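Thanks, everyone. I will take one structure today and go through it part by part, with the sequence and the model on the screen.

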Amino acid sequence: MKRIITCYLRPYYGRMTVGFLIKFLGAVMDLFIPWILAYVIDSVIPVGSMRLIFVWGGVMLVCSLLAVSFNIITNRMASRVASDATQIIRHDLFAKTMYLSAKQTDALTRPSLISRLTTDTYNVNQMIGRVQRLGVRAPILLVGGVMFTMSLDPVLSSVLLLVMPVLAVVMVTVSRKGMPLYRKLQSSVDDFVCLVREDIAGIRVIKALSKMDYEKEKFDRINKMVVTCERNAERTMAVLNPVMNMLLNLGLVGVIIVGAFRVNAGTSEVGKILAFMTYFTIILNAMMSISRMFVIINKAVASAARIDQVLSCEDDLALLEDREIPQDDLAREEMPQETILQEDILQEEMPHEEAEILFDHVTFSYNKKEPNLKNISFAVKKGEMLGIIGSTGSGKTTLASLLMRLMDVDEGRVLIGGRDVRSFEKTELRSRFGVVFQNDTIFEDTIYENVRMGRPLEREEIVQALRFAQAEEFTREKEQNEGAMLDIRGANLSGGQKQRVLIARALAARPEILILDDSSSALDYRTDAMLRRQLKENFSDTTTILIAQRISSVMHADHILVLEDGEMIGYGTHQELLRDCAVYREISRSQTGDMGG
């Protein structure tokens with residue numbers, strides 16, 4: 001909450017101060033009306049002067065109009081400040097989310113980030129607006145009401161003051177219990193959003209497997225959890241209104257009883273009693289507003305903490321100068337003899353300074369306990385194609401993520417053009433790449449905008465990229481028949497069409513390095529072969545990393561890297577691996593029947 005107040009509301013301090021002053025004047029106008037009424041009843045009416053009655057009635061009318069006008073003006077100002085501040089909070093939160101590392105995104109979880117961008121920012125918006133509308137008015141009416149009643153009759157005011165400490169204790173106690181409950185509620189909402197997101201995305205699979213009832217049961221369980229958390233929080237905070245009502249009404253009963261005795265004794269007047277009861281109603285409403293404001297503030301504090309958790313995330317992929325990057329590679333004596341021999345051969349074939357891409361003793365672990373990649377070393381020259389093949393979970397996608405510095409290596413180095421990726425600005429580094437990830441995203445937009453992705457590309461370049469990706473024909477058909485507008489996640493495209501649009505997106509800007517991560521799995525062999533021919537003919541200067549499950553996709557690559565359980569078990573051409581790598585030979589046999597020479 002401190003960041004919200006000191007950072008995001010700071011530009012609006014001046015506007016909020018003006019609003020508070022106007023709200024203060026409006027509240028004072030409201031407080032004057034019962035006092036004038038008491039004066040008219042006790043002092044003006046006994047005189048019998050109609051002129052004075054009309055004069056003071058006019059003053060009451062003016063006070064009422066001013067109070068209404070001031071409240072309308074300040075409420076509009078408060079809404080504007082709340083919406084403007086929340087807009088900036090959402091912008092910064094979204095921007096921060098876009099720049100979180102893969103590790104941070106996984107730790108916070110995507111559903112939680114969605115919830116923070118929607119529900120949490122809404123709660124903060126409500127708090128900012130409500131505090132400006134009631135945060136000044138309600139306390140002024142409360143304090144001012146007490147002061148006016150003290151001026152009218154100190155004895156009756158003492159009855160009211162006896163209730164105030166009890167009210168304060170109730171509000172503090174309930175608030176302390178309510179805040180943790182709202183935090184728990186937000187956490188359960190995250191789980192709820194996660195389930196809904198997964199079920200909506202996988203609705204075809206659910207229907208295909210007739211698992212609707214199973215998913216409904218899962219939804220019911222988590223829905224009940226959310227309802228239970230919400231009910232517990234609301235029940236706790238719901239204690240405030242009835243208890244405050246009861247205490248204030250008991251105080252009002254005490255005022256009426258004491259007031260009746262004082263009027264009979266001649267120590268008070270009827271107008272003062274009426275005014276006192278009006279002030280009591282004002283104080284009651286002010287206390288009720290404060291109690292409602294406490295509920296909103298409790299929600300907002302919990303939400304602000306969650307927002308601040310994201311905004312406070314430090315850049316764990318910070319730019320490092322070359323001199324800061326550790327150069328101490330793994331000791332050769334700690335490596336297996338086979339690995340040392342392999343590296344010596346690699347170094348003889350290609351010195352490090354000639355490599356466009358170099359993985360130098362790279363080890364990486366997601367949980368920092370068991371390595372997902374272990375001691376990976378290879379080099380690729382500019383314009384060459386490296387095929388990467390291996391079983392599911394062998395580390396193929398992780399290797400591509402390290403190359404793009406979506407994550408940082410634990411040991412070793414990743415170099416592009418002889419320069420460590422950690423020394424590049426992120427924008428500079430990633431502008432070098434064209435990439436198609438596994439399960440990549442198609443957006444709800446035209447085919448051309450899905451390929452352009454906001455980049456300064458001409459239409460001719462996009463059309464050419466679609467042609468290279470073997471997507472020109474069906475793109476033209478969609479334009480002629482139903483338009484080129486795509487549904488969310490490309491639901492109106494086949495699997496092969498999606499992959500071709502995604503490949504066109506990667507090719508459109510003619511990247512220096514092209515990463516295709518299992519991007520041809522839905523393509524038929526003929527289309528896959530035509531795509532590889534286009535890459536060879538038109539992107540000869542582009543260094544390509546081709547990750548695939550099919551031997552046919554990588555067998556023509558300049559080099560093929562075979563991974564198993566995060567370890568490099570083979571590196572060479574297709575024929576070399578058929579001869580020297582048993583795992584690669586087995587994959588080839590199972591897919592093509594080729595046992596090698």
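Before the rings, the term I use for them: two rings of Phe, Tyr or Trp, with the six-membered ring taken for Trp, count as a pair if their centres lie within 6.5 Å. Planes under 30 degrees apart are called stacked, those over 60 edge-to-face, and the rest tilted. Please keep in mind that this is a predicted model.

By that rule the structure holds 9 aromatic pairs. Take Phe-192 and Phe-219: their ring centres are 5.4 Å apart and the planes stand at 50 degrees, so this pair is tilted. What does the pair tie together? Phe-192 belongs to helix H7, residues 154-201, and Phe-219 to helix H9, residues 212-238, so the pair links parts that are 27 residues apart in sequence. Are these two residues buried or exposed? Phe-192 is partly exposed, at 22% relative accessibility, and Phe-219 is partly exposed as well, with 28%.

Elsewhere, Phe-32, Phe-148 and Tyr-279 make up one aromatic cluster.

Two arginines also sit over rings. Arg-510 lies over the face of Phe-539, at 4.7 Å from the ring centre. Arg-467 lies over the face of Phe-468, and there the figure is 6.0 Å.

Now the overall picture. The protein has 22 helices and 10 strands. Its C-alpha trace spans about 120 × 60 × 55 Å along the principal axes. The radius of gyration is 35 Å, whereas a compact globule of 597 residues would have one near 25 Å. Of the 597 residues, 47% are buried. The protein exposes about 30300 Å², and carbon and sulfur atoms supply 57% of that area. If we take contacts between residues at least 6 apart in sequence, 76% of them join residues at least 24 apart.

Next, the strands, beginning with S1, residues 357-364. How many of its residues are buried? The count is 8 of 8, and the strand is mostly covered. S1 runs antiparallel to strand S2, residues 373-380, and 5 bridges join them. One of the positions to look at is Leu-358, whose bridge partner in S2 is Ala-379. S1 also runs antiparallel to strand S4, residues 411-416, again with 5 bridges. On that side, Asp-360 stands opposite Arg-413 in S4.

Then strand S6, residues 433-436. In a regular strand, side chains alternate between the two faces of the sheet. In S6, Phe-433 and Val-435 point one way, Gly-434 and Val-436 point the other way, and all are buried. S6 pairs with strand S7, residues 513-517, in the parallel sense, over 4 bridges. Within that pairing, Val-435 has Ile-515 in S7 as its bridge partner.

Ile-515 comes up again from another direction, through Ile-545. Ile-545 is in strand S8, residues 543-548. With a relative accessible area of 2%, Ile-545 is buried, because buried here means under 20%. What does Ile-545 touch, leaving aside neighbours within four places in sequence? Its contacts are Ile-357, Leu-386, Ile-388, Leu-403, Leu-514, Ile-515 and Leu-516. Ile-357 is a residue of S1, the strand 357-364, and Leu-514, Ile-515 and Leu-516 fall in the range of S7, residues 513-517. For a sense of distance, the C-alpha atoms of Ile-545 and Lys-368 are separated by 26 Å, and these two residues are 177 apart along the chain.

Leu-403, another contact of Ile-545, brings us to helix H13, residues 396-403. In H13, 7 of the 8 residues are buried, so the helix is largely enclosed by the rest of the structure. Which ones are they? They are Lys-396, Thr-398, Leu-399, Ala-400, Ser-401, Leu-402 and Leu-403. Just after the helix, Arg-405 takes a positive phi of about 55 degrees.

The last stop is another lysine. Lys-426 lies in helix H14, residues 426-430. Is Lys-426 buried or exposed? Lys-426 is buried, with a relative accessible area of 18%. Not counting residues up to four places away in sequence, Lys-426 touches Asp-315 and Leu-317.

That is the tour. I am happy to go back to any part of it on the screen.

Notes:
Residues are numbered from 1 along each chain as its sequence is written. This is a predicted model: local features need pLDDT of at least 70, side-chain atom pairs count only at pLDDT 80 or more; totals for chains, interfaces and linings use all residues. Side-chain values use heavy atoms; hydrogens and water are left out. Helices (H or I, at least four residues) and strands (E, at least two) are DSSP runs, numbered from the N terminus. Buried means under 20% relative accessible area, exposed over 50%, partly exposed in between (1.4 Å probe, protein chains only). A charge sits over a ring if NZ of Lys or CZ of Arg is within 6 Å of the ring centre and within 35 degrees of the ring normal. Two strands pair if DSSP finds at least two bridges between them. The radius of gyration is taken over C-alpha atoms; the globule rule is 2.2 Å times the number of residues to the power 0.38. Contact means heavy atoms within 4.5 Å. Accessible areas come from the Shrake-Rupley method with a 1.4 Å probe; for residues, only the protein chains shown count as cover.
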